[in-house]
Amino acid sequence: MKIELVESTLVYNISVDEKDYTLYISETDNSYYNQELIDENGNPVNDEDLLEQIMDEINDMPLGFLK
């Protein structure tokens, strides 16, 4: 039997200005990261500034909050 994890995903629930988002961050087996921001209606959000702001906040969080 061979079991291989191809992609590991972190999921964050985010509220910004009374709007709710879900951020999916996937790490592939070659250490490449995919990021996808989804709004409360399930639609992809293509706002690079918002995504950058969210990623800055996540990177500033203490490690204990990321688990």
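**Figure 1. Thr-28 in strand β2.** Thr-28 is part of strand β2 in this predicted model. The residue counts as buried because its relative accessibility is 18%, and buried means under 20% relative accessible area. Leu-5 lies 23 residues away from Thr-28 along the chain, and 8.7 Å separates the C-alpha atoms of the two.

**Figure 2. Ser-26, another position in strand β2.** Strand β2 also holds Ser-26. With a relative accessibility of 9%, Ser-26 counts as buried. A separation of 8.7 Å is found between the C-alpha atoms of Ser-26 and Val-11. Along the chain, Ser-26 and Val-11 are 15 residues apart.

**Figure 3. Thr-22 and its contacts.** Thr-22 belongs to strand β2, which covers residues 19-28. Its relative accessibility is 17%, so Thr-22 counts as buried. Which residues is Thr-22 in contact with, once neighbours within four places in sequence are left aside? They are Val-11, Tyr-12 and Asn-13, together with Glu-36, Leu-37 and Ile-38. Val-11, Tyr-12 and Asn-13 fall within the range of strand β1, residues 7-16. Glu-36, Leu-37 and Ile-38 fall within the range of strand β3, residues 33-39.

**Figure 4. The loop between β1 and β2.** Asp-17 is found in the loop that lies between β1 (7-16) and β2, and Glu-18 is found in the loop between these two strands as well. Are these residues buried or exposed? Asp-17 counts as exposed because its relative accessibility is 72%. Glu-18 is also exposed, with a relative accessible area of 84%. The backbone angle phi is positive at both positions: near 50 degrees for Asp-17 and near 65 degrees for Glu-18. In each case the positive value occurs in a residue other than glycine.

**Figure 5. Asp-47 in the loop before helix α1.** Asp-47 has its place in the loop between β3 (33-39) and α1. This residue counts as partly exposed, at 35% relative accessibility. Asp-47 and Leu-37 are 10 residues apart along the chain, and their C-alpha atoms are separated by 8.7 Å. Leu-37 is also one of the residues in contact with Thr-22.

**Figure 6. A patch of negative charge on the surface.** Which residues gather in this patch? The aspartates are Asp-47, Asp-49, Asp-56 and Asp-60, and the glutamates are Glu-48, Glu-52 and Glu-57. Glu-48 is found in helix α1, which covers residues 48-60. Why does Glu-48 count as exposed? Its relative accessible area is 58%, and exposed means over 50%. Asp-47, in the loop between β3 and α1, is partly exposed at 35% relative accessibility.

**Figure 7. The whole protein, for orientation.** The protein has one helix and three strands. In what pattern do they follow one another along the sequence? The pattern is β-β-β-α. The protein has 67 residues, and buried residues make up 24% of them; Thr-22, Ser-26 and Thr-28 are among the buried residues. Among the contacts with a separation of 6 or more, 18% are between residues 24 or more positions apart. The protein exposes about 5700 Å², and 45% of this area is supplied by carbon and sulfur atoms.

Methods. Residues numbered from 1 in each chain as written. Predicted model: local features only at pLDDT ≥ 70, side-chain atom pairs only at ≥ 80, totals over all residues. Heavy atoms only, no water. Patch = residues over 30% accessible without salt bridge, like charges linked within 9 Å, V, L, I, M, F, W, Y side chains within 5 Å. Areas by Shrake-Rupley, 256 points an atom, 1.4 Å probe, with all protein chains shown as cover. Salt bridge = Lys/Arg side-chain N within 4 Å of Asp/Glu carboxyl O. Lys, Arg positive; Asp, Glu negative; His and termini not counted. Charge placed at Lys NZ, Arg CZ, Asp CG, Glu CD. Helix = DSSP H or I, 4+ residues; strand = E, 2+ residues; numbered from the N terminus. Buried < 20%, exposed > 50% of the residue type's maximum accessible area, 1.4 Å probe, protein only. Contact = heavy atoms within 4.5 Å.
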